[in-house]
Amino acid sequence: MLMLPSYAIIEDDFVNATLDKNLKIKKQKETTPNSGIPIQIRIKEDFTTKSKPEEGDFIEFETVEDFKSFSAGTTVKGRIEFISMNCIWGVPADIVIGNFQIGNIALYGEIHKGGANRIIWLRPATIVGTFFFGAGLALIPIRGGHAKIKTDKIYTVYYR
Amino acid sequence: MMKRLLAVVFVLGMMLAYPLSSSASDVLLISTSEQKKVQNHISTVGFKILNANELPNRTVFIYDSSKTINAYSAFFGRNIVLYRGMYIMLDDEDMLAAVLCHEISHSMDSYEGPFRGTFGFLNYTYAPKKYEYKADKRAVDFMVKAGYHPVAAIVMMNKVMGQNRYDWNSSHPLTSRRMMSVYEYIYKKYPEYLVDNKYKTNIYYQNFLLTSKENRAKFQKKIEKNSRGNVDYL
Ligand SMILES: [Zn+2]
């Protein structure tokens, strides 16, 4: 790696001022894919990306059945790991929720959800519609669907 | 006479079948053993990332000895190609992981949607920037899970990728914006890597700090005001 002599170093003042100096990188736990005890969870309230959530926001889920000392209905917190909003041309929103936690116990697994992908019919409709006095062009601003998670849908995360 | 004519036809045919110009200028000749070594390196790092992240879909990694400074993910074949021109720009395995993780995100996207993701390329064609930002951010997640240092993604971009004037006419956002989006993502999700930052004194990272002053000030304002929404980076 190429290093500069210390006198020439530019410091990241913002990081120095706002982040805890003692933060240390945690070693990633080595895991066997698809291993662990499955735990079924569902979201507490219907969720949609329409509310413009952001990465880092927490969403509450709950356990469907008893797990260890936690009874059914115990809160499982999930974090929005990634979000991308829907846009014109019928392109849908997508979201990844992960970093699940029950009490102080980390759970593994991610929920990926996308909205309705309208580009599949929007594009041919736009092309055909353009022959009718350009009317098809009016379809372009139609956005793709929001990503939604409903309370009746059950997801599986893992305890390791 | 007839023999000579046949020979001319044969040679012309061969020239048409294998255009010499492109192969001679684009491909760098390297030995099989070197090719094998690099291919092995790329495949090993690639599969390590796939397994560590428990990604449910298949993809493979192909080394191409052309000079092109690029890598791409084939939407239909689900293979990721990394060119020699790009490989020689990467100073360590974390930087290689940064390139592969970005392409892996594209590759996983190709599985999404009806008919095994057949029409996903339309999304990529009509909203390419959305997926570039996604691939940059998911790359950070993939890197961390596989034990790589995500700041290497910024180092790699700042060393390798040029800076366009505008990005409204491009499939990729401005590199300065992409680096800020990665920086913001690491700051919010994995701040320990900015504190415990082995690239602090790396000249490419130092150059990022030098050239992103205004952008980082904008981000700082967002954090201080605790405001939401996207920052309009330069
Ligand atoms: Zn990309």
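Between chain B and chain A, 19 residue pairs are in polar contact, both residues of each pair being at pLDDT 80 or more; a polar contact is a pair of N or O atoms within 3.5 Å, where within protein one atom must be able to donate a hydrogen and the other to accept it, and residues adjacent in sequence count only if both atoms are side-chain atoms. The model is predicted, so that local features need pLDDT of at least 70 and side-chain atom pairs count only at pLDDT 80 or more, whereas totals for chains, interfaces and linings use all residues. Residues are numbered from 1 along each chain as its sequence is written, chains are lettered from A in the order in which they are written, and side-chain values use heavy atoms, with hydrogens and water left out.

The side of chain B that touches chain A draws at least two residues from each of α7 (120-126), α8 (128-145), α10 (175-189), α11 (192-195), α12 (203-211) and α13 (213-225) of chain B, helices being DSSP runs of H or I of at least four residues and strands runs of E of at least two, numbered from the N terminus. Helix α8(B) gives the most to this side, with 8 residues. By class, the side comprises 23 nonpolar, 9 polar and 16 charged residues. Chain B and chain A each place 48 residues in the contact (heavy atoms within 4.5 Å).

About 4300 Å² is buried between the two chains, 58% of it on carbon and sulfur atoms; buried area is the accessible area (1.4 Å probe) that two parts lose on being put together, summed over both. B:E54, B:Y126 and B:K130 supply 15% of the area that chain B buries against chain A, more than any other three residues.

Across the interface, 9 salt bridges are found, each a side-chain nitrogen of Lys or Arg within 4 Å of a carboxyl oxygen of Asp or Glu. One salt bridge joins the side chains of A:E81 and B:K189 (3.2 Å, N to O). Over all chains, the structure holds 22 salt bridges.

Within chain A, the side chains of A:K44 and A:E60 form a salt bridge (3.4 Å, N to O). Because A:K44 lies in the loop between β1 (37-43) and β2 (47-48) of chain A and A:E60 in strand β3 (residues 58-63) of chain A, the pair ties together parts that are 16 residues apart in sequence.

Methods: Ala, Val, Leu, Ile, Met, Phe, Trp, Tyr, Cys and Pro count as nonpolar, Asp, Glu, Lys and Arg as charged, and the others, Gly among them, as polar.
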